[in-house]
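Please take the following structure as a starting point, and read the explanation below with it in view.

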Amino acid sequence: MSKYNIARITFLLALIGCLYLQNFSLTIAVTLVFVGVLSAGAFFIRWNFYHTSMHCLSNSSALFLTFDDGPHPQLTSLVLDMLKKHQCKATFFCIGNKIKGNEHLLQRMVAEGHTVGIHTWSHSYWFDLLPTYKMKQEIVATQLEIQRATGLVPTLFRPPYGVTNPMLARAMKYTHVTSIGWTIRSLDTVIKSSEKIIAKITPQLSAKRILLLHDTQPCAVEILQSVINTCASSNLLIGDIQQYVKCYR
Ligand SMILES: [Zn+2]
């Protein structure tokens, strides 16, 4: 049973208790707590509240790199160059509507041993308000677009903004995708100083963890170089997720 269902049952029982006691203030308080728990469950993907996501690879001894929001016509190839230079593998969670015209980048990812995953078709700000069938369409359309570009049907999915809810849980269940979260959030789309980002993530780099970066950010290559250097100096392997998780159908 999901934590969401446990919370619903708990709320229902608490509500019945409040009504039995005819305590209006307590009813309001219980309702507010329930709404707060639902909201926190939506925003903190690591709670695994509505569905389970993979936030680390406990059976590995490596760090895993992930890049979201691409492909970017200029920056993604620079990231790929850096990964190739150091023979490191990464997972790219691509936005469906960015693939047309950039198919060569996805083909290069696959040819160089990286993994391509789904990051919805539109990555809309309003994605989390969509009904289940629309979310399902976003996932399937991106899956088909990646298949058109690479010949592979991806099964790894990263929810946009890391926000989850019951509609997304159902859409993922219907599309049989595996949700991938993260252990280390770089906030590289928010923090504009690469030095600050590097200072933030470097102490967190360790085995089993998943690092979230964006190949759409100009600082991506500089941060990646720093991560690779840190891993090399501390004998920390950068892992290939394909060795641990089924990534294609
Ligand atoms: Zn994103």
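The paragraphs below go through the strands and then turn to the metal site.

This is a predicted model, and a convenient place to begin is strand 2, which spans residues 90–94 and is mostly covered, with five of its five residues buried. The covering applies to both faces of the strand, since Ala90, Phe92 and Cys94 are buried on one side, and Thr91 and Phe93 are buried on the other. This division into two sides can be set beside a general pattern: in a regular strand the side chains alternate between the two faces of the sheet.

Strand 2 runs parallel to strand 1, to which it is joined by four bridges, and within this pairing Asp68 stands opposite Phe93 in strand 2. Between these two strands the chain passes through helix 3, making a β-α-β crossover that is right-handed. Strand 2 also pairs with strand 3, again in the parallel sense and over four bridges, and here Thr91 stands opposite Thr115 in strand 3. Helix 4, residues 103–111, belongs with strand 2 and strand 3 to a right-handed β-α-β unit.

The zinc ion takes its protein donors from Asp69 (OD), His119 (NE2) and His123 (NE2), which lie 2.1 Å from it, and the spacing of these residues in sequence is D-x49-H-x3-H. Asp69 and His123 link distant parts of the chain, being 54 residues apart: Asp69 sits in the loop between strand 1 (62–68) and helix 3 (75–85), while His123 sits in the loop between strand 3 (115–118) and helix 5 (132–150). Asp69 counts as buried because its relative accessible area is 13%, under the cut-off of 20%, and His123 is likewise buried, with a relative accessible area of 13%.

Definitions and conventions. Residues numbered from 1 in each chain as written. Predicted model: local features only at pLDDT ≥ 70, side-chain atom pairs only at ≥ 80, totals over all residues. Heavy atoms only, no water. Donors = N, O, S within 2.8 Å, 3.2 Å for Na, K, Ca; no water. Buried < 20%, exposed > 50% of the residue type's maximum accessible area, 1.4 Å probe, protein only. Pairing = 2+ DSSP bridges. Right-handed = clockwise from strand over helix to strand, strands pointing away.
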